[in-house]
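Subject: A structure for you to look at

Hi,

Here is the structure I promised to pass on. Have a look through it first, and then read my notes below.

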Amino acid sequence: MTDTEDERREIAELKHDAAELERDIDELEELIDLEEQAKAGQKPKKAKKYRLRIDKEKKVVEVHQMTGTQILALVNKAPDKYLLSMKVHGAGFQPVAPDQVVVFHVDHVERFQTLALDPSEG
């Protein structure tokens with residue numbers, strides 16, 4: 001095979017991969033409320049946007065995953081002052097470390113809860 005044939009084959013594969021990614025994006029749900037989905041007993045899915053409940057606040061994010069620190073930042077809290085826990089449907093609350101990545105469509109997250117490290121906070 002010549003370099004030109006290899007290049008053509010590689011370009012064709014890249015075009016095929018790009019078409020598959022576009023199809024995947026088109027099939028994504030527009031917005032999923034994680035708490036509603038979990039309470040309905042539905043299996044997590046990928047979405048373009050997720051509505052998260054953190055304590056009593058609801059936030060919409062346009063990513064599939066976030067770290068504990070990033071989730072706390074959504075409600076203006078820092079990991080040096082607050083602990084973050086996630087309620088996993090059917091398994092109760094589990095701690096989320098500041099650098100731990102939570103994948104919304106994989107981890108069966110229902111909602112998040114914060115707890116002040118200093119009892120006089122919040």
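**What I found**

Let's start with K43, which counts as exposed because its relative accessibility is 69%. You will find K43 in the loop that runs between α2 (34–39) and β2 (47–54). If you compare K43 with G92, the two are 49 residues apart in sequence, and their C-alpha atoms are 17 Å apart in space.

Before you go further, please keep in mind that this is a predicted model. The protein chain has a mean pLDDT of 87, with 90% of its residues at 70 or more. Confidence in the chain is highest in helix α3 (residues 68–74), at 97, and lowest in α1, at a mean of 76. As a general caution, coordinates should not be read in detail where pLDDT is low.

Next, try D99, in the loop between β6 (92–96) and β7 (101–103). Is D99 buried or exposed? Its relative accessible area is 65%, so D99 is exposed. D99 also makes a nice example of how a chain folds back: D99 and T67 are 32 residues apart along the chain, yet 5.5 Å separates their C-alpha atoms.

Finally, look for the negative patch on the surface. Which residues form this patch? They are D3, E5, D6, E7, E10, E13, D17 and E20. One of them, D17, sits in helix α1 (residues 3–27). D17 has 40% relative accessibility, so this residue counts as partly exposed; exposed would need over 50%.

Enjoy exploring, and write back with any questions!

Best wishes

How values were computed: Residues numbered from 1 in each chain as written. Predicted model: local features only at pLDDT ≥ 70, side-chain atom pairs only at ≥ 80, totals over all residues. Heavy atoms only, no water. Patch = residues over 30% accessible without salt bridge, like charges linked within 9 Å, V, L, I, M, F, W, Y side chains within 5 Å. Areas by Shrake-Rupley, 256 points an atom, 1.4 Å probe, with all protein chains shown as cover. Salt bridge = Lys/Arg side-chain N within 4 Å of Asp/Glu carboxyl O. Lys, Arg positive; Asp, Glu negative; His and termini not counted. Charge placed at Lys NZ, Arg CZ, Asp CG, Glu CD. Helix = DSSP H or I, 4+ residues; strand = E, 2+ residues; numbered from the N terminus. Buried < 20%, exposed > 50% of the residue type's maximum accessible area, 1.4 Å probe, protein only. pLDDT = per-residue confidence, 0-100.
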